[in-house]
Amino acid sequence: MVPLPSSAIAPAAAADSIVIDARNVTLALGQPPARVEILRGVDLQVRAGETVALLGPSGSGKSSLMAVLAGLERPSGGTVAVAGEAFERLDEDRLARARRGRIGLVLQAFHLLPTMTALENVAVPLELAGVRDAFARAEAELGAVGLGHRLGHYPAQLSGGEQQRVAIARALAPRPILLFADEPTGNLDGRTGAAIMDLLFNRHRATGATLFIITHDPGLAARCGRIIEFADGAIISDRAAA
Ligand SMILES: Nc1ncnc2c1ncn2[C@@H]1O[C@H](COP(=O)(O)OP(=O)(O)OP(=O)(O)O)[C@@H](O)[C@H]1O
């Protein structure tokens with residue numbers, strides 16, 4: 001494979017800049033009569049370095065909003081820009097390139113590749129993004145999440161909490177400016193979940209990445225600087241945490 005130049009990895013966004021700029025975003029999926037209005041005119045601006053919790057009932061559209069903001073789903077209407085890059089102007093290839101290195105994702109199910117070791121799970125996407133020192137960087141990132149002694153383990157040989165640590169290392173290794181986490185502790189027991197959240201906030205402080213977390217946990221939301229409540233496809237409140 002021909003490595004891409006390392007400029008394929010986006011630089012960190014300047015402090016104080018708008019990282020997420022969503023305007024009047026709508027999303028409707030399915031065909032009539034089963035068509036569902038999932039997002040109903042969402043306006044949202046998030047600044048670099050913010051920590052945002054998105055709370056809301058099951059089915060209110062939180063994951064769908066995240067998918068649109070992360071460029072994984074095209075909205076039916078409205079616009080989304082991340083770090084000034086307007087998604088609607090990009091074809092699929094350019095959108096994938098814009099996401100790569102800029103946006104990290106941590107999901108409830110860890111989505112590690114079972115045939116790759118922890119180290120390979122982190123290093124291979126970096127290699128694909130053209131990072132020259134992919135394995136060294138992956139090793140450092142796994143060390144930072146406390147897994148320096150598990151590099152050669154396969155996902156099946158790791159606990160749930162350890163697998164989530166690998167997923168966090170994988171998401172942060174490209175040094176994204178924006179990290180989305182969709183119920184990242186949903187599959188973990190309380191104590192492990194709390195340790196994973198400590199880790200996410202520590203890594204946020206270390207890297208300056210903007211953190212956008214979907215959660216059902218008000219305690220976790222209270223750790224974020226900003227709490228957005230969502231219901232029926234729309235923002236119903238948006239406030240600084242107490
Ligand atoms: N591809 C699709 N086609 C039709 N409807 C969909 C599709 N994907 C999601 N939905 C519907 O959109 C609504 C919002 O789903 P979404 O997963 O975004 O909610 P959520 O708030 O993240 O829920 P949860 O907290 O349970 O994960 C749900 O009613 C869901 O059934």
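In which strand is aspartate 238 found? Aspartate 238 is found in strand β10, and I shall return to that strand shortly. Good morning, colleagues. Please keep in mind throughout that what we are looking at is a predicted model.

Let me begin with the annotation. UniProt, in an unreviewed entry, places the feature "domain: ABC transporter" at residues 20-242. In the model, that span is 33% helix and 28% strand, and its end C-alpha atoms lie 23 Å apart.

I turn now to the sheets. One of them is open and built from four strands, in the order β2-β1-β4-β5, with antiparallel pairing. Its edge strands are β2 and β5, the latter covering residues 85-86, and each of these pairs on one side only. Within this sheet, strand β1, residues 18-29, is joined to β2 by nine bridges, and the two run antiparallel. To give one position on that ladder, leucine 27 stands opposite leucine 39 in β2.

Another open sheet has six strands, and here the pairing is mixed; the order is β6-β7-β8-β3-β9-β10. The edges are formed by β6, residues 103-107, and β10, residues 234-240, each of which pairs on one side only. On average, neighbouring strands of this sheet are turned by 15° against each other, direction ignored. Strand β3, residues 51-55, pairs with strand β9, residues 226-231, in the parallel sense over four bridges. On β3 and β9, leucine 54 has isoleucine 228 as its bridge partner.

That brings us back to aspartate 238, in the edge strand β10. Is aspartate 238 buried or exposed? The answer lies in between: aspartate 238 is partly exposed, because 15 other C-beta atoms lie within 10 Å, and 20 or more would be required for a buried residue. Aspartate 238 is eleven residues from isoleucine 227 in sequence, while their C-alpha atoms are 5.8 Å apart in space.

Next, the ligand. Which residues surround the ligand? The shell consists of Leu29, Gly30, Val36, Ile38, Gly56, Ser58, Gly59, Ser60, Gly61, Lys62, Ser63 and Ser64. By character, these residues divide into eight polar, three nonpolar and one charged. Two elements, β2, residues 36-47, and α1, residues 62-69, each supply at least two residues of the shell. The largest share, three residues, comes from α1.

Helix α1 therefore deserves a closer look. How many residues of α1 are buried? Eight of its eight residues are buried, and the helix is mostly covered. Among them are Lys62, Ser63 and Ser64, which also appear in the shell around the ligand. The other buried residues of α1 are Leu65, Met66, Ala67, Val68 and Leu69. Just after this helix, glycine 71 takes a positive phi of about 80°.

Glycine 71 leads us to a residue in another helix. Arginine 99 touches Gly71 as well as Ala70, leaving aside residues up to four places away in sequence. Arginine 99 lies in helix α2, residues 92-99. Why is arginine 99 classed as buried? It is buried because 21 other C-beta atoms lie within 10 Å, and the threshold is 20 or more. Arginine 99 and phenylalanine 87 are separated by twelve residues in sequence and by 9.5 Å in space, C-alpha to C-alpha.

To close, I would set two residues side by side: arginine 99 is buried, whereas aspartate 238 is partly exposed. Thank you for your attention.

Note on methods. Residues are numbered from 1 along each chain as its sequence is written. This is a predicted model: local features need pLDDT of at least 70, side-chain atom pairs count only at pLDDT 80 or more; totals for chains, interfaces and linings use all residues. A residue is near a molecule or strand if its C-beta atom, placed from the backbone, lies within 6 Å of it. Ala, Val, Leu, Ile, Met, Phe, Trp, Tyr, Cys and Pro count as nonpolar, Asp, Glu, Lys and Arg as charged, and the others, Gly among them, as polar. Two strands pair if DSSP finds at least two bridges between them. Axes are lines fitted to C-alpha atoms, for helices over the stretch in contact, and angles run from 0 to 180 degrees between N-to-C directions. A residue is buried if 20 or more other C-beta atoms lie within 10 Å of its own, exposed if 12 or fewer, and partly exposed in between; C-beta atoms are placed from the backbone. Two residues are in contact if their C-beta atoms, placed from the backbone, lie within 7 Å. UniProt positions are given in the numbering used here, feature names are shortened, and annotations may be inferred rather than shown by experiment.
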